[in-house]
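Here are a few exercises to work through with the model open in your viewer. Try each task before reading its solution.

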Amino acid sequence: MEHITDIELIEYLAGNLTESRTVEVREHIAACPQCSQRIEQMQKLSGTLELWEVDTAGHDVAERVAALAEQTGQDQPSSTRELLIRFTPQIVRIAASILIAVGLGHKLGEYSVEGSKPPVKSSPKKPEYLAALGLEWSSGLAKLVLEDHSADTGGGQ
Amino acid sequence: MAKNKLDDSALMSRLSDGDMSALGELVCRHQDRVLEIAFRTLGKWDLAEDVAQETFLRVYRAARKYKPKAKFTTWLYRIVVNLCLDEKRRRARNGTSLEEVTLETQTEPDSDYAEKKEIAQIVKAAVDELPERQRIALVLHRYKGLSHGQIAEATGWSGPAVESLLVRAYANLRKKLDKIKYFAE
């Protein structure tokens with residue numbers, strides 16, 4: 001014989017089983033001494049728990065709730081539209097700042113693309129390409145380049 | 001239509017339109033059950049009142065977005081349970097205890113009233129000693145008449161979890177209370 005589960009026993013006493021299941025459980029209890037004893041113990045426990053009564057009189061929170069709700073209603077916007085209205089000035093300021101920053105950045109970028117450095121001055125003794133590279137005539141690398149160039153063009157002869 | 005004739009969803013709809021008297025009606029209608037759950041869970045009236053107050057403030061703040069998917073009380077219980085759990089965790093972090101067992105001594109314990117009152121204190125202490133989720137499940141089941149399915153819906157815990165909590169809660173209470181005269185009879 002399958003006994004009643006603990007949760008079914010609890011729900012049977014609480015009256016939470018379906019009608020058909022309640023009948024089945026009742027019939028089983030009548031035929032099963034073990035389950036009958038379990039039911040009896042649960043009933044006694046339930047009766048003892050019943051003795052802890054709670055009286056909520058004198059603990060009214062209605063006025064406090066009303067006052068705080070009123071205050072909350074004044075502090076907070078009540079709709080998305082009101083949120084937008086409230087924050088529009090800040091949004092406009094932020095958008096303007098971004099536009100200004102982008103515009104300035106673009107202008108500064110224009111100057112840097114066209115070359116903000118002054119044109120490179122070259123002299124007969126200082127080839128233009130060396131001057132553009134910022135290399136000094138006296139640098140070892142420049143000498144090597146010029147010597148190679150002279151050899152290629154036969155300038156040394 | 002008189003507000004006391006409107007159901008909870010209708011009152012929430014009025015509240016979302018700014019009708020503060022609808023909030024008053026909801027508080028009037030439900031504060032006793034909210035206070036009872038909070039007191040049975042937390043054990044102190046000042047905490048129970050704070051939780052009840054915050055519960056209805058959350059109801060108010062949620063009014064505009066409220067969509068009645070389930071019973072209003074199911075949603076209300078969810079708020080109360082979460083607030084009670086938050087309060088217990090907060091006190092646990094601060095190292096303060098909720099336990100406040102005061103067994104009143106009676107000079108004449110023979111009187112039935114005094115004896116029942118003493119037993120009530122013992123029952124309260126026994127329930128207070130339950131782990132928090134067992135306590136909540138027991139309070140909702142035994143004192144608010146919710147089935148284990150309804151408790152699962154109200155708390156967001158799974159059905160099997162609630163079943164287990166209830167079985168253990170009742171088993172623990174049986175152990176703690178088996179010496180009481182009323183229980184032993």
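**Exercise 1.** How many residues does the contact take from chain A and from chain B?

*Solution.* A word on the setup: this is a predicted model, where local features need pLDDT of at least 70, side-chain atom pairs count only at pLDDT 80 or more, and totals for chains, interfaces and linings use all residues. Residues are numbered from 1 along each chain as its sequence is written, while chains are lettered from A and ligands numbered from 1 in written order. Now count residues in contact (C-beta atoms, placed from the backbone, within 7 Å): chain A gives 27 residues and chain B gives 39 residues. Next, sort by helix (a DSSP run of H or I, at least four residues, numbered from the N terminus). On the chain A side, α1 (6–14), α3 (33–50) and α4 (62–75) each supply at least two residues. α4(A) gives the most, with eight residues.

**Exercise 2.** Is Gln34(A) buried or exposed?

*Solution.* First locate Gln34(A): helix α3 of chain A. Then count neighbours: Gln34(A) has 11 other C-beta atoms within 10 Å, so it's exposed (12 or fewer; buried needs 20 or more, and partly exposed is in between).

**Exercise 3.** Describe how α2(B) and α3(B) pack.

*Solution.* Start with the geometry: α2 (residues 20–42) and α3 (residues 45–62) of chain B pack at about 140°, with axes 8 Å apart. That angle makes α2(B) oblique to α3(B) (not under 35 degrees, over 145, or 65 to 115). Finally, the contact residues divide into 16 nonpolar, two polar and no charged.

Technical notes. Two residues are in contact if their C-beta atoms, placed from the backbone, lie within 7 Å. Axes are lines fitted to C-alpha atoms, for helices over the stretch in contact, and angles run from 0 to 180 degrees between N-to-C directions. Ala, Val, Leu, Ile, Met, Phe, Trp, Tyr, Cys and Pro count as nonpolar, Asp, Glu, Lys and Arg as charged, and the others, Gly among them, as polar.
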